[in-house]
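Me: I would like to go through this model with you, chain by chain. Could we settle the terms as we proceed?

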Amino acid sequence: MDNTLLIGLSQQVASYNSMDVIANNLANVSTPGFRRESTKFEEYISRAQPGEGEKGPQSISLVQDAGTMRDMTGGRIEMTKAPYDIALNGKGYFVVQTANGPRYTRNGHFTLDSGGRLVTGDGDPVQGDGGDITVSPDDGIPHVAQDGTVTGLKGQLAKLQIVQFDSDTQLVKQGSSLFATTQPAQPATAATLEQGAIESSNVEPVIEISHMIEIMRAYQATAALTQSQEDLKRAAIDKIASTQN
Amino acid sequence: MRALSIAATGMQAQQTNVEVIANNLANMNTTGYKQQRAQFQDLLYQNIEQPGSQTSDSGTLLPSGIQLGAGVRTASVYRITTQGDLQSTSNPYDLAIQGEGYFRVTQPDGTDAFTRAGNFALSPSGQIVTDKGYVVAPGIAVPATATSVAINAQGQVQATIPTQSAPQTLGQLELDRFPNDSGLNAQGDNLFLETASSGAPQAGVPGAAGYGTIQQGYLETSNVNPVEEITSLITAQRAYEMNSKVVTAANEMLQTTNTMGSG
């Protein structure tokens with residue numbers, strides 16, 4: 001295949017990936033604590049044979065995926081009035097104990113289980129400074145202070161553990177709004193909590209839709225370029241063939 | 001192309017969202033109804049390049065890998081069990097719970113169900129029953145001769161009987177509470193059933209620590225806030241539209257692919 005086709009192909013593969021990332025952002029526009037992602041591309045230089053009339057080694061630039069960047073800015077705080085919905089404002093994560101070890105989340109929709117433990121929507125216990133947090137019916141509806149102190153009718157129950165990491169982008173998404181990492185967790189310094197609210201996703205529909213149109217047009221432009229390259233070749237073959245006759 | 005199926009998960013999620021909102025609005029005037037809310041989570045990710053993996057022997061790390069998501073799913077539809085407003089009805093058998101707790105009623109099959117809808121009445125035999133005729137625990141019978149019935153905040157039921165000077169105590173209403181009342185299974189007809197996630201019911205006397213009090217002559221209205229619901233409805237509809245735009249765009253890209261090289 002000739003290089004124009006290959007360059008076009010690399011751009012088209014990249015477009016497909018960008019489109020998938022945008023589709024995922026838009027699908028999660030109502031997922032609490034979701035962080036939008038965007039694709040980043042880089043140039044991949046490939047050596048090419050010199051064409052006719054060209055001297056020395058030539059190079060062509062292909063496009064390749066460099067990474068998915070995660071936008072860690074906060075989402076809007078949405079009031080739900082549910083007593084165990086807790087919005088996290090500022091840098092930090094809740095700690096959740098799962099079967100596969102500790103996981104981190106910003107999705108603050110919690111509930112109690114049959115034993116009164118504070119758990120996520122999937123039933124994994126949310127961690128306080130002293131492990132699981134248990135609310136007994138005698139505590140009434142506990143109050144969650146800005147610093148994470150949970151107080152029931154009979155006094156302080158626990159303090160929600162809020163942690164932060166050196167690098168947010170190195171956290172690996174696990175689905176179910178959970179993140180995993182091998183980095184050591186440090187106590188969060190700048191996070192405040194709000195009870196009865198949830199942090200919505202930080203996806204900005206306008207940005208996503210305009211990116212989507214941009215990608216679609218770029219894809220079509222590359223297809224048109226490939227097409228005209230094809231036409232050029234066909235015309236050349238026709239001309240060469242006709243001169244021989 | 002994943003974008004098509006990802007957008008489909010998004011449209012499905014928003015459809016669920018609209019259905020939950022529709023149910024809330026339909027039950028705006030249902031006694032004791034609790035607002036529900038759909039909650040979403042992102043689906044599994046495909047790790048093409050793991051963030052934090054080494055890029056060289058000298059220990060340099062990939063700052064941000066390549067993770068492609070697969071869309072969204074409805075994680076749960078949960079109930080927000082805040083107190084509804086109390087509405088005066090002046091019917092002596094309309095009871096509202098102010099605070100925590102549920103009335104326990106016995107279903108025809110003998111099992112217990114729980115409700116906050118206190119629009120009760122008397123059965124032909126004089127027992128306090130729900131509007132479906134199910135007996136309200138612990139089964140209090142009001143004598144036919146009683147001229148009036150008073151139920152106090154602590155759930156004590158007393159009747160005034162013409163031949164007696166002092167009111168006669170008929171019984172004591174009970175309330176049940178749960179470790180996690182949003183885990184109750186909604187049964188329709190304003191009834192809830194105990195589940196493994198709600199925990200076992202704990203019976204108690206109204207007004208005791210951790211239990212609500214009873215208001216005679218009042219009903220608890222639903223806690224649905226129409227303004228909030230309509231706003232959520234608009235948001236859900238727009239989100240649905242955005243996801244359908246992705247389907248259109250992905251389709252257009254595929255069409256372009258199909259027509260490549262056919263000129």
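Reply: Certainly. The radius of gyration is taken over C-alpha atoms, and the globule rule is 2.2 Å times the number of residues to the power 0.38. This is a predicted model, in which local features need pLDDT of at least 70 and side-chain atom pairs count only at pLDDT 80 or more, while totals for chains, interfaces and linings use all residues. Residues are numbered from 1 along each chain as its sequence is written, chains are lettered from A and ligands numbered from 1 in the order in which they are written, and side-chain values use heavy atoms, with hydrogens and water left out.

Me: What radius of gyration does chain B have?
Reply: Chain B has 27 Å, whereas a compact globule of 263 residues would have a radius near 18 Å. Along the principal axes, its C-alpha trace spans about 100 × 50 × 35 Å.

Me: And what is the value for chain A?
Reply: Chain A has 27 Å, against a figure near 18 Å for a compact globule of 245 residues. The box filled by the C-alpha atoms of chain A is roughly 100 × 30 × 30 Å along the principal axes.

Me: How many helices and strands are there in chain A?
Reply: Chain A has two helices and 19 strands. Helices (H or I, at least four residues) and strands (E, at least two) are DSSP runs, numbered from the N terminus. For chain B, the assignment gives two helices and 20 strands.

Me: What share of each chain is buried?
Reply: In chain A, 49% of the 245 residues count as buried; in chain B, 44% of the 263 residues do. Buried means under 20% relative accessible area, exposed means over 50%, and partly exposed lies in between (1.4 Å probe, protein chains only).

Me: What about the accessible surface of the two chains?
Reply: It comes to about 11,400 Å² for chain A, with 53% belonging to carbon and sulfur atoms. The surface of chain B is about 11,900 Å², with 51% on carbon and sulfur atoms. These areas come from the Shrake-Rupley method with a 1.4 Å probe; for residues, only the protein chains shown count as cover.

Me: Next, the interface. How many residues does each chain bring?
Reply: Chain B contributes 72 residues and chain A contributes 61 residues to the contact, where contact means heavy atoms within 4.5 Å. Asp42(B), Gln67(B) and Met253(B) lose the most area to chain A on the chain B side, together 11% of what that side buries.

Me: How much area is buried in total?
Reply: The two chains bury about 5,200 Å² between them, and 55% of it is on carbon and sulfur atoms. Buried area is the accessible area (1.4 Å probe) that two parts lose on being put together, summed over both.

Me: Which residues does Gln14(B) contact?
Reply: Leaving aside neighbours within four places in sequence, Gln14(B) is in contact with Val29(A), Ser30(A), Ala236(B), Ala239(B), Tyr240(B) and Asn243(B). Gln14(B) sits in helix 1 (residues 2–26) of chain B.

Me: Why does Gln14(B) count as buried?
Reply: Gln14(B) is classed as buried because its relative accessible area is 1%.

Me: Moving to the strands, where is Ile128(B)?
Reply: Ile128(B) belongs to strand 10 (residues 128–129) of chain B, and it is buried, with a relative accessible area of 2%. Not counting residues up to four places away in sequence, its contacts include Phe120(B), Leu122(B), Tyr134(B) and Val142(B).

Me: Which backbone features should I inspect?
Reply: The peptide bond from Ala137(B) to Pro138(B) is cis, with omega near 5°. Pro138(B) is placed in the loop between strand 11 (135–136) and strand 12 (148–151) of chain B.

Me: What is phi at Ser177(A)?
Reply: Phi is about 65°, a positive value, although Ser177(A) is not a glycine. Ser177(A) lies in the loop between strand 15 (172–175) and strand 16 (178–180) of chain A, and it is buried at a relative accessible area of 8%.

Me: And at Asp189(B)?
Reply: Asp189(B) also has a positive phi, near 50°, and is a residue other than glycine. Its location is the loop between strand 16 (185–188) and strand 17 (191–193) of chain B.
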